[in-house]
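This briefing summarises selected features of the structure shown below. It is arranged by topic for reading alongside the sequence and the model.

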Amino acid sequence: MGNSSSICSDRNAVSSINDNGSPVYPTAYNSSCNSANVQTTKNQNQNHHQHIYKTTIPVNEHETADSCMNGGTIAQHQRNNNDVINIKPNESCCCATSNNNTTGTNFKNIQTETTTVRSSQRNKNHTTTTKTATTIEYELSNGIAKLCKISTSRIAEEPTSDSVESKSSCVCNDTKLTPLLSSTDLENLNKNLNTINEFNQKLNSNVNKSINYQQRANYSMDCKEFSKLNGNDDERDCIGLHGTAGESDVPGKISGLEHLKNKKYNKGLAFCLEERQLLGIHGLLPAVVKTEEEQVTHSLILLNRLENNLDKYMYLSDLAERNERLFYKVLASDVSKMMPIVYTPTVGLACQNFSKIFTHPKGMYITLNDSGHIYDVLKNWPETDVRAIVVTDGERILGLGDLGANGMGIPVGKLSLYTALAGIKPSQCLPITLDVGTNNQSLRDDLLYVGLRRNRLSGVVYDEFIDEFMHAVVRRFGQNCLIQFEDFGNANAFRLLAKYRDNFCTFNDDIQGTASVALAGILSSLKIKDTALKENTILFFGAGEAALGIAGLCLMALIDNGLTEEEAKKRIWMVDSKGLIVVDRPKGGLTSHKLRFAQNHEPIDCLAEVVKAVKPTVLIGAAAVGGAFTQDILESMALYNDIPIIFALSNPTDKAECTAEEAYTHTKGTCIFASGSPFQPVEYNGKLLHPGQGNNSYIFPGVALGVICAGMLTIPEEIFLIAAEKLASLCTPSDLAKGSLYPPLHKITKCSVEIAISVMDYAYKNGLATVRPEPADKAKFIRAQMYNPNYQPTFPKTWLQKL
C-alpha cells in the first residue's frame, strides 16, 4: 500500500486528549481530509483515490522495569481472554487490513507490524517512567475506512544518552506485561470507524444501492410468524417500489351500468349523449347534460339549504359515496368553509352520533375476534395499491373520550383531507378502525351501537393484536405503506409510537402533527414580537399526547436554537390535573414522559397561581377543559407581557380553553391568539383581529405526501420540525399584520406541496428516500402524483393498426 498511497496528517484527523483526559478518536466528522494539506495518489489497479490518515492516541503513563535487548523484535498482539493489546518479546506478525466489502473492522484479531529500533546496551536493569502513544493508521477509500496499522511509541522521561525516543524499543518483562491499548479504547475506535463507514455509505449511495435497499427493506420485516398462521412461509403481496404516476385503473375493468353505480366512475348528469349511448345507460338519466361547474353549483345549493352542520356532514358523506370526484370538487370550491364540516369541529359530533347516522360502510373494521386472521381481512379490501392508512382504536376521540367503533369518523375525515388538501389519490387511502371494545357503558347499552359490546381489550393480548395488524399491513401493502396512528389513548399512543417508529413508516398525528402545527404558530408569533424562541418561557395546560408532543418538539427547536437540553427544559413548564409538574410531586401522577419536563420547584395546584409564579410569555392549552383560561389568567398574561401568546388548541369548540373573543377582550387586544377549532374574526377597538387556527391539516397532508413521493420507510422526528419551520415561513407579512399565524385555508394545498418538497429534500439528503432517481424538479414530480378531481375520459384512447 505504501507505494500507492501517501500518508497525511490532517489537522482534523490528529487526535488529542480532551478535557476529561480521554483520547479523541477519529469520527465521521473529524476524519475528512483537507484537500489543501493532503497529497492524493491513484492506485494503478483501482479507479478510486486512497488517503491514509494518522491518528495518535496518547495512553496512560507506565512505570516499568525495562531491560534492553540487542536486536530484539517487538510485536504486539491481543490475548484471547483479556481483550488487551500487550507487548511481548521476540514475536513478529504482519499488517492486517479489513476487507473492502465490510462495513466495520473487527479488532479482536488484529496483529500489527512494528519497526525495531536498536538502543545501546545497558549494564543493568533500571526503572523509568515512560509515556506510551499508539498511532492508528487507516485508509479512507471511496468513503470506506480500512485499518492499516497500529504502532506504538514510548517516550521516557529519564532518557539515556543514546536515545531520547525509541519506537517500541523497550520490552516489558515476561512477568509484567504492560497494556498499550485497553479494551475500552479499542471498542471506541471500532465504533468510530464503523460510524465513518455508515456515514459515508449514506452520502455515496447510488441508484442501484437505493433500489437494493428498498428490496431488502421489504424483505427485512419478519412476517413469518404471522404468515404461518395462513399456511405460508413469509409470503409477501407487495415487494419493491410502487408506480409513481397516472391512474391505476384498468380500462376494461367495468362497463355499462357499473359506470353509474361505481363512485369512482360515476359522472351523474355530466355523462354526454355519446357516452350514455355507448355505455348502454341512455334513458336511465334525464335528458339534460350538465358541466362539472354546474354540478358543483347544484351541490352547493343543496348543501346550503341544510341548517345544521351534522346534516351537511351527512349530505357530503352521501355525495362521496355516489360521485367521488364531484365530492372533492365541492370541497375544493371553498376549503375554508368545507373543512369545519368534514373535519373539526363537526366530525366530533358525527362520531358521537356515528351509529345513528351510519348508512354506507366506509373503510375497514378489524375486531379482536379477527386475531390470527387480520391479513385475511385486509385482503378483502378491493384496492391493492394502498399508500396511506389512518387507524384508530377509538379510545380517545378528540376531547370526547372513548367512542369505540364510532371513532371511524376520524380516519374517514383525515383521509378525505389527505386527498382534498394534498392530492393523495382516494384509492390509495384506507381508513381502519380496530374494534377492541369500549369502556363507555352508555355505548354498550345503545341499541344502535355498531361496535363490539364488551370492555376494551388491554395488556399483552392488546399488544399482540396491534403487532399482528402492523405486520399484516406490511405483508399486504408493503413496508413503505404509511400508517398514521390517530386518537389512541395516552397510555398506548406514546408506547406504540416508540415501538414502531424505527421499523415502520408511521407517525402519530395527535403527538407529532399537533406539535408541528403548534410550533409553526409559535415561530410565526415570534416574528410579530421580534424575539427568538430561546428568549421565551412556555407554559402548557395539559400533559397528554398533544401537550407532550408540542413540548418535545419545542425542546428540539430550542436545542436547535443553540441551547443545551437542560437549558431548554428550564423554558418549558407543564400543568396537569394534579398541578404543576415538579420533581417529587407529593400528589404523584408523574409518568416517564411527564418527568422529562419536571421542574425543581415547589408544587402549585392552581393554573392561575402557576401563571403568576412562572410568568410565561406563551400559554398553550391542550387539556380539553373548556373555559380553563379564565379572565384572571388572561389578564395576568397581559400584565406580564406586552404581547402575550395564547393558544387554546383543544377540540371540539366547546372544549377550547377560551374563545377568541375572550382572549382579545381580557388582554385588551394585545394578545396573539390561535385555536384548534375555527373562530370568527373579532373586532376590538375598531380593529378586526383574525385568530389563527392551529389545525393539524396544515401539517399531516403535506408530510404524508412527501413521505409517499420519496418512498420513505421510516419518519424521523426531524421531519416535523422541518414541516413547522416551512409552514411558518409561508405565513406572509400581511397574514401576520392581521393577527393570523397561519396562511389562509384557501392556500392550504400550496402549503402541503411546499412541505412535501421540504420532506423530500430531507429524505434524499439523509439517505431515507427509496424512489430513484432523485427528481430534478421535486415540485413538478409531486404535482404529477396528485389526484385530479376532474372527470376522466370514459373510454380508452384508440389508434389505427398498420397492416
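**Surface charge and strand packing**

Lys738, Lys747, Lys750 and Arg783 together form a positive surface patch. The model is predicted. The points below treat this patch, then strand E12 and its partners, and then an open sheet of seven strands.

**Positive patch**

- The members of the positive surface patch are Lys738, Lys747, Lys750 and Arg783.
- Lys747 lies in the loop that runs between helix H26 (733-737) and helix H27 (748-765).
- Lys747 has a relative accessible area of 35% and is therefore partly exposed. Residues of a patch must have over 30% relative accessible area and no salt bridge.

**Strand E12 and its partners**

- Strand E12 covers residues 429-435 and is mostly covered, with seven of its seven residues buried.
- Cys429, Pro431, Thr433 and Asp435 point one way from E12, and these residues are buried.
- Leu430, Ile432 and Leu434 point the other way from E12 and are likewise buried.
- Strand E10 (residues 364-367) pairs with E12 in the parallel sense, over four bridges. Within this part of the model, Tyr365 has Thr433 of E12 as its bridge partner.
- Strand E11 (residues 388-392) also pairs with E12 in the parallel sense, over five bridges. Here Ile389 has Leu430 of E12 as its bridge partner.
- The two bridge partners named in E12, Thr433 and Leu430, point opposite ways from the strand, and both are buried.

**Open sheet of seven strands**

- Seven strands make up an open sheet with mixed pairing, in the order E17-E16-E15-E18-E19-E20-E23.
- The edges are strand E17 (579-580) and strand E23 (692-693), each of which pairs on one side only.
- Strands of a sheet pair through backbone hydrogen bonds, in either a parallel or an antiparallel manner.

**Strand E20 within the sheet**

- Strand E20 (residues 672-675) is joined to the edge strand E23 by two bridges, and the two strands run parallel. The bridge partner of Ser675 in E23 is Gln693.
- Strand E19 (residues 645-648) pairs with E20 in the parallel sense over four bridges. Ile646 stands opposite Phe673 in E20.
- E20 is covered on both faces: Ile672 and Ala674 are buried on one side, and Phe673 and Ser675 are buried on the other.
- Phe673, which stands opposite Ile646, and Ser675, whose partner is Gln693, thus lie on one side of E20.

Terms used:
Residues are numbered from 1 along each chain as its sequence is written. This is a predicted model: local features need pLDDT of at least 70, side-chain atom pairs count only at pLDDT 80 or more; totals for chains, interfaces and linings use all residues. Side-chain values use heavy atoms; hydrogens and water are left out. Patches are made of residues with over 30% relative accessible area and no salt bridge: like charges are joined within 9 Å, nonpolar side chains (Val, Leu, Ile, Met, Phe, Trp, Tyr) within 5 Å. Accessible areas come from the Shrake-Rupley method with a 1.4 Å probe; for residues, only the protein chains shown count as cover. A salt bridge is a side-chain nitrogen of Lys or Arg within 4 Å of a carboxyl oxygen of Asp or Glu. Lys and Arg count as positive and Asp and Glu as negative; His and the chain ends are not counted. The place of a charge is taken as NZ of Lys, CZ of Arg, CG of Asp or CD of Glu. Buried means under 20% relative accessible area, exposed over 50%, partly exposed in between (1.4 Å probe, protein chains only). Two strands pair if DSSP finds at least two bridges between them.
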